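User: Hi, I'm new to reading protein models and would like some help with this one. Could you take me through it step by step?

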Amino acid sequence: MISLAGGLPSPDLFPVKELKKASDEVFDNDGKTALQYGMAAGYDKLREQVAQMTRDRGVDCTADNVAITTGSEQSLDLVGKLLINPGDTVLVEEPTYLCTLDILRTYGANLVGIQMDEHGMRMDLLKKALKEHPETKLIYTIPNFQNPTGHTIPNARREEMEKLAIANGVVILEDDPYNRVRYSGKAQFPVKHFDNTGNVIYLSSFSKFLVPGLRLGWMVADPSFMKKLIPMKQSTDLHSDNLSQYIASRYLAENDVTKHVKQICDLYHKRAETMMKELDENLPEGSTHSNPEGGMFLWVKAPETVNTVDLFKECIKHHVAFVPGAPFYSNKVKQGTFRLNFSNADSATIKKGIDRLCDAMKEYMKKNEVKAE
């Protein structure tokens, strides 16, 4: 079985040796402190390092704006818990990250999807939705290499999104775990860069450019929001893993992170190009795919008469797996869509996997008399 489904970073470039060295040094120099209870907001030195990384991306930020969390997933959950009451309207990209949809539904949100084009969320449709839903409390966006589509929002749209949010008294939740994994195109500012009122909550993670197993993410927000968030974080788990925070901080202090990230980007670029080339040559007529400038995912659109849950079953017979599109939609599912991951398979495996996938698609479409649109 070849899995092109999971959202896993490549373990080929996990800095095991460097993290072991950092870990040894933490135990040797800070062991008693690192193994003790810590602060709910996180290890001060790591918060300052995150603040510096955030300033480097054009966001006015100090350690007081930063909270360390147990991965982005906890950040999403804490924001949902703090801001969303049953019935509150949240505008989301359509499609979007399935775990965020699950979290928002848990807190009773009324989800409204905003359609995208190849440049991410459409601002004309966002403006229309804000007018139709004046009760909107939150806009959720993944502006860089969006999960699942791989789309990136250009700076002009990000600035317009912020202006629309301010004009309508709405908070923006900017989920940005993939921002460092850019291998083509021009880097864009975070939406938070355009925030002069404190209405943007910015989330990111160490999982995609360091390792996911440390389970460390962070949140950047106005200090007034942090005063409400930190007690809630404390009541959830006291603090994120203190030892992991010390190890991550030591690693950042002693290693060339830019060089490490470039190695990740070079590898993912090669794998993405391999997958796109194979899809271009083998996808059935009437099917298309996204062309991301970074990140870990491609989004495939087959004819809408293709039921991708049934197609998935056909693919399993061919020993290849993907993620059907349905779980990524907030309301009405657009049929014929599915997500592929290229970060966690080498080029030879990707070629074999896409061959199997396209063979299965052709068999399914022939058997079900699906015609190209």
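Analyst: What follows is a walk through the domains, the sheets and a few unusual spots of the backbone. Please keep in mind that this is a predicted model.

User: Okay, which domains does the chain have?
Analyst: The domain assignment gives domain 1, which covers residues 16-254, and domain 2, which covers residues 259-367. The centres of domain 1 and domain 2, taken over C-alpha atoms, are separated by 27 Å.

User: And what does the UniProt annotation cover?
Analyst: In an unreviewed entry, UniProt annotates residues 13-357 as "domain: Aminotransferase class I/classII large". Within the model, that span is 44% helix and 17% strand, and its end C-alpha atoms lie 27 Å apart.

User: How many residues does each domain bring to the contact between them?
Analyst: Domain 1 brings 28 residues to the contact and domain 2 brings 24 residues. The size of an interface is often given as the accessible area lost when the parts come together. Here the area buried between domain 1 and domain 2 is about 2300 Å², with carbon and sulfur atoms giving 59% of it.

User: How many salt bridges are there across that interface?
Analyst: The rule finds one salt bridge across the interface of domain 1 and domain 2. There is a salt bridge between the side chains of Arg182 and Glu293, with a distance of 2.7 Å from N to O.

User: Let's switch to the sheets. What is the order of strands in the one with eight strands?
Analyst: That open sheet runs in the order E2-E9-E8-E7-E6-E3-E4-E5, and its pairing is mixed. At the edges are strand E2 (66-69) and strand E5 (120-121), each of which pairs on one side only.

User: How do E3 and E4 run, parallel or antiparallel?
Analyst: Strand E3 (residues 89-94) and strand E4 (residues 110-117) run parallel and are joined by six bridges. To find the place by eye, look for Thr89, which stands opposite Asn110 in E4.

User: Which helices pack on that sheet?
Analyst: Among them is helix H5 (residues 123-132), which touches E3, E4, E5 and strand E6 (136-141), and whose direction makes about 160 degrees with that of E4. Helix H6 (residues 155-167) also packs on the sheet, touching E4, E5, E6, strand E7 (171-175) and strand E8 (200-205), and its direction makes about 150 degrees with that of E7.

User: What about the sheet with four strands?
Analyst: That one is an open sheet in the order E10-E11-E14-E13, and its pairing is antiparallel.

User: Why do E10 and E13 each have a side without a neighbour?
Analyst: Strand E10 (288-289) and strand E13 (323-324) stand at the edges of the sheet with a single partner strand each, so one side of each has no neighbour there. E13 is joined to strand E14 (residues 337-341) by two bridges, and these strands run antiparallel. In that pairing, Val323 has Arg339 in E14 as its bridge partner.

User: What does helix H9 touch there?
Analyst: Helix H9 (residues 257-282) packs on the sheet and touches E10, strand E11 (297-301) and E14, while its direction makes about 15 degrees with that of E11.

User: Last topic: where are the cis peptide bonds?
Analyst: One of them runs from Glu94 to Pro95, with omega near 5 degrees, and Pro95 lies in the loop between E3 and helix H4 (98-106). Another cis peptide bond joins Asn147 and Pro148, where omega is about 25 degrees, and Pro148 lies in the loop between E6 and H6.

User: And what is the phi of Leu238?
Analyst: Phi of Leu238 is near 65 degrees, which is a positive value in a residue other than glycine. Leu238 lies in the loop between helix H7 (223-237) and helix H8 (242-254).

Terms used:
Residues are numbered from 1 along each chain as its sequence is written. This is a predicted model: local features need pLDDT of at least 70, side-chain atom pairs count only at pLDDT 80 or more; totals for chains, interfaces and linings use all residues. Side-chain values use heavy atoms; hydrogens and water are left out. UniProt positions are given in the numbering used here, feature names are shortened, and annotations may be inferred rather than shown by experiment. Two strands pair if DSSP finds at least two bridges between them. Contact means heavy atoms within 4.5 Å. Axes are lines fitted to C-alpha atoms, for helices over the stretch in contact, and angles run from 0 to 180 degrees between N-to-C directions. Domain bounds come from an automatic or database domain assignment. Buried area is the accessible area (1.4 Å probe) that two parts lose on being put together, summed over both. A salt bridge is a side-chain nitrogen of Lys or Arg within 4 Å of a carboxyl oxygen of Asp or Glu.
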